[in-house]
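Reader: Could you take me through one part of this model closely, the sheet, and then place that part within the rest of the complex? I would like the terms defined as you go.

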Amino acid sequence: MTDDDDRVFKALADSTRRFLLDRLFARDGRTLTELESELEMTRFGVMKHLRVLEDAGLVVTRRQGREKLHYLNPVPIRLIHDRWIDKYTERRVSALVSLKTELEGTA
Amino acid sequence: MTTMTETKTTQVYQVFIRATPQAIWDAITKPEWTQRYGYRSIAEYELRPGGIYRGKATPEFQAMGMPEVVVDGEVIEADPPRRLVHSWRFLWDEEVKAEGPTRVTFEIAEGQAGVSKLTVTHELENAPTTAAQLAGEIDGAGGGWAFVLSDLKTLLETGESLPG
């Protein structure tokens, strides 16, 4: 569904939102307060970014008692991966990604 | 291994599928469907509390050294076509088997315009290797739930699954 893809690409086109996804990738099930503590941004600002990520399906929330926990949902990214990167290009792309990682010394 | 020590204890996956809740329920619980997407396991469910669940490997996977039954569990709740909860224990080697049972919940909600929402919540306390496999973090062990659900969506919406 193109609308969904648009929402995912738009959600990813922002460094704060990518940072939030990276934090959730490292460990998810986090509260707004936890996520907010890692950003120089108002609570309201973080909420707005999380809302965009939720609308794109990249973040799913669950209530646990009084807390709202945020989880990274990788399925929309996987769908884009499966749609745009076939298994042959994937091999080439991953070779380039490893080369880039190695050259930039971030391995 | 820093990311492994932080392995999530609960994983949540969500996907919108242009299909009825019943079609999604069948695709999860009926072997003729489970053989057509993801790891192509052959599911066996007794859809009542206390009933058995088994995921069997295809003959191809068995030829590669997989046991016949790759996952087993016990059905905790079965409310077709909306909610299915069962325990889940991987059996593909002694290490994961020793991690013991985890718990998976499938929730299917009917949405607008024939699109349903499938949410898979997998609780993985004390099961780091099982969790890593399901998150697609083990090389050579496939893409885990994200891969399975992406493929399931493709199969139900197009009648075809992703190339193996």
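Author: Asp72(B) stands opposite Arg89(B), a residue of β5(B), where strands and helices are DSSP runs numbered from the N terminus (H or I over at least four residues for a helix, E over at least two for a strand). This is a predicted model, in which local features need pLDDT of at least 70, side-chain atom pairs count only at pLDDT 80 or more, and totals for chains, interfaces and linings use all residues. Residues are numbered from 1 along each chain as its sequence is written, while chains are lettered from A and ligands numbered from 1 in the order in which they are written.

Strand β4 (residues 69–79) of chain B pairs with strand β5 (residues 83–90) of chain B in the antiparallel sense, over six bridges; two strands count as paired if DSSP finds at least two bridges between them. Another bridge partnership between these strands joins Val75(B) to His86(B) of β5(B). β4(B) and β5(B) form a hairpin with three residues between them, and the loop between β4 and β5 of chain B is the place of Pro81(B). The peptide bond that leads from Pro80(B) to Pro81(B) is cis, with omega near -5°. Most peptide bonds are trans, and most residues other than glycine have a negative phi.

β4(B) also pairs with strand β3 (residues 52–56) of chain B, again in the antiparallel sense, over five bridges. There, Arg54(B) stands opposite Asp72(B) of β4(B), and Asp72(B) in turn stands opposite Arg89(B) in β5(B).

These strands belong to an open sheet of seven strands in chain B, with antiparallel pairing and the order β1-β7-β6-β5-β4-β3-β2. At the edges stand β1 and β2 (42–45) of chain B, each with a single partner strand, so one side of each is left without a neighbour in the sheet. On average, and with direction ignored, neighbouring strands of this sheet are turned by 20° against each other. Helix α2 (residues 21–29) of chain B packs on the sheet, where it touches β1, β2, β5, β6 (102–110) and β7 (116–123) of chain B; a contact requires C-beta atoms, placed from the backbone, to lie within 7 Å. The direction of this helix makes about 155° with that of β6(B), angles being taken from 0 to 180 degrees between N-to-C directions, with axes fitted as lines to C-alpha atoms, for helices over the stretch in contact.

The edge strand β1(B) is joined to β7(B) by eight bridges, and the two run antiparallel; in this pairing, Val15(B) has Leu118(B) of β7(B) as its bridge partner. Six of the eight residues of β1(B) are buried, so this strand is largely enclosed by the rest of the structure. A residue is called buried if 20 or more other C-beta atoms lie within 10 Å of its own, exposed if 12 or fewer do, and partly exposed in between, with C-beta atoms placed from the backbone.

Two loop residues beside these strands have a positive phi. Ala113(B), in the loop between β6 and β7 of chain B, has a phi near 55°, a positive value in a residue other than glycine; with 5 C-beta neighbours inside 10 Å, Ala113(B) counts as exposed. Asn126(B), found in the loop between β7 and α6 (128–134) of chain B, likewise has a positive phi of about 55° although it is not a glycine, and Asn126(B) also counts as exposed, with 10 C-beta neighbours inside 10 Å.

As for the other chain, the contact takes 16 residues from chain B and 15 residues from chain A. On the side of chain B that touches chain A, the elements giving two or more residues are β1 (10–17) and α7 (144–158) of chain B. By class, that side has eight nonpolar, five polar and three charged residues, where Ala, Val, Leu, Ile, Met, Phe, Trp, Tyr, Cys and Pro count as nonpolar, Asp, Glu, Lys and Arg as charged, and the others, Gly among them, as polar.

On confidence, the predictor gives the complex an ipTM of 0.80 and a pTM of 0.85. Chain B averages a pLDDT of 91, and 93% of the residues score at least 70, pLDDT being the predictor's confidence in each residue, from 0 to 100. Over residues 1–7 of chain B, however, pLDDT stays under 50, and the model has eight contacts for them beyond four places in sequence. Where pLDDT is low, the predicted coordinates should not be read in detail.

Conventions
Two residues are in contact if their C-beta atoms, placed from the backbone, lie within 7 Å.
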